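The following exercises concern a predicted model of a protein complex. Each task is followed by a solution in steps.

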Amino acid sequence: MADIFSNVLEIRWEMVLMWVIGALLIWLAISKDMEPTLLLPMGFGAILANLPTSGAITQIINGNTEEGVLDVLFNAGIANELFPLLLFIGIGAMIDFGPLLSNPKMLLFGAAAQFGIFFTFALAVLLGFDLKDAASIGIIGAADGPTSIFVANYFNSNYIGAIIVAAYSYMALVPIIQPPVIRLFTTKKERLIKMPYEQKNVSTTVRILFPIITTAIVGILSPRSVALVGFLMFGNLLRECKVLRLLSESAQKELANLVTILLGITIASKMRYDLFVRVDTLIIILLGLVAFTFDTIGGVLFAKLINLFAKKKINPMVGAAGISAFPMSSRVVHKMGLKEDPTNFLLMHAAGANVAGQIASVVAGGVMISLVEKLI
Amino acid sequence: MFNRFDLDNFLQTPRVVLLGMLGVFVALLVIYVSILLLNRVFRDKKKKD
């Protein structure tokens, strides 16, 4: 009898805290519809990984190492960066770069809205994190799960669990985080700026050449990002070539769904109480908020800077859509525009900036790796 | 927390911030120019019709 219940005595308060965090993630996913595809598997995985002597994670029992399935999956799919890259094929197949191709100026807002990544990196170093962990934390500001996983894993950060939780949670919280920041940094007059959308047809040739050329450019300028950009653009090429409709649909649905299921639950192997229940985790969650906030500020202020010189004024709210959280950020900006003036439709401009943010965040991840790698 | 602060590391950060943002802007500027060129070379034929 004592043997049966001996495991109960192994329960620690930190484990119970992780069950509560797991339950909270599941609740947010189901009740609040916050990134349910990832938060639900992560929440369940957090409970699974924090049961006493859980067989789901690798344990040393009586001197023998017993491999847990979550760790096996982590080594097979995340440690070698496979899952985030496969997910990028699906994301690439889902994205319509049309609004960006018809108005490529929006690319610059994507670049400006990566400011939060680098600002947060500096802040994390100031708070005492080493360069590798600071770079991994800063990349939460990429507002892009696969890039965050890729960079944190590249630097072998111990905080990967907290980083991923922060990245996905804040992506879901974009409609709450961005509006007050945008309002704080814009005037009513600026928010009322109208941007008529001129429908420009983009030829099929351009749509097909864009992913190929972008991969080549980013590969040459930022070789560390080439895997991420390459897989993203490969997915987009599947979509745009029009002769691989079934493959494109499979990438958007089956592939993306399967990888998402595995990714979410596998990340939980890094949500073990001994890695997660720390003051640092709380600080990382707060730094993630800083990253998203400064991304938004970077995009808005860049639009205001452009307005000093441009004849056709840009609504600075569009700059905020330059973060990679697609399509939430463009919807937020569009709704804010409609709230100010029900005849002001900013969706297509914001969508252009938003997909630009997708490319920019991947480039920022590669640039961060290249720069920090030289310092360590 | 602050007792882990490393001044040498912190002094490296302005360079990373500046070069990082510059790197992102340069990469996206090159993509911007290439889209402009692509749109010019391969105009949509439907538009002409």
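Two residues are in contact if their C-beta atoms, placed from the backbone, lie within 7 Å. Residues are numbered from 1 along each chain as its sequence is written, and chains are lettered from A in the order in which they are written. Because the model is predicted, local features need pLDDT (the predictor's confidence in each residue, from 0 to 100) of at least 70, side-chain atom pairs count only at pLDDT 80 or more, and totals for chains, interfaces and linings use all residues.

**Exercise 1.** Determine how many residues each chain gives to the contact between chains A and B.

Solution. Chain B supplies 33 residues and chain A 41 residues. On the side of chain B, α1(B) gives the most, with 23 residues; helices here are DSSP runs of H or I with at least four residues, numbered from the N terminus.

**Exercise 2.** Identify the residues in contact with B:L28, leaving aside neighbours within four places in sequence.

Solution. The partners are A:L107, A:L108, A:G110, A:A111, A:A360 and A:V363.

**Exercise 3.** Decide whether A:G357 is buried or exposed.

Solution. First, locate A:G357 in helix α21 of chain A. Next, apply the cut-offs: 20 or more other C-beta atoms within 10 Å mean buried, 12 or fewer exposed, and values in between partly exposed. A:G357 has 34 C-beta neighbours inside 10 Å and therefore counts as buried. Finally, list its contacts beyond four places in sequence: A:G110, A:A113, A:G322, A:I323 and A:S324.

**Exercise 4.** State the mean pLDDT of chain A.

Solution. The mean is 89, and 99% of the residues of chain A reach 70 or more.

Definitions and conventions. Helix = DSSP H or I, 4+ residues; strand = E, 2+ residues; numbered from the N terminus.
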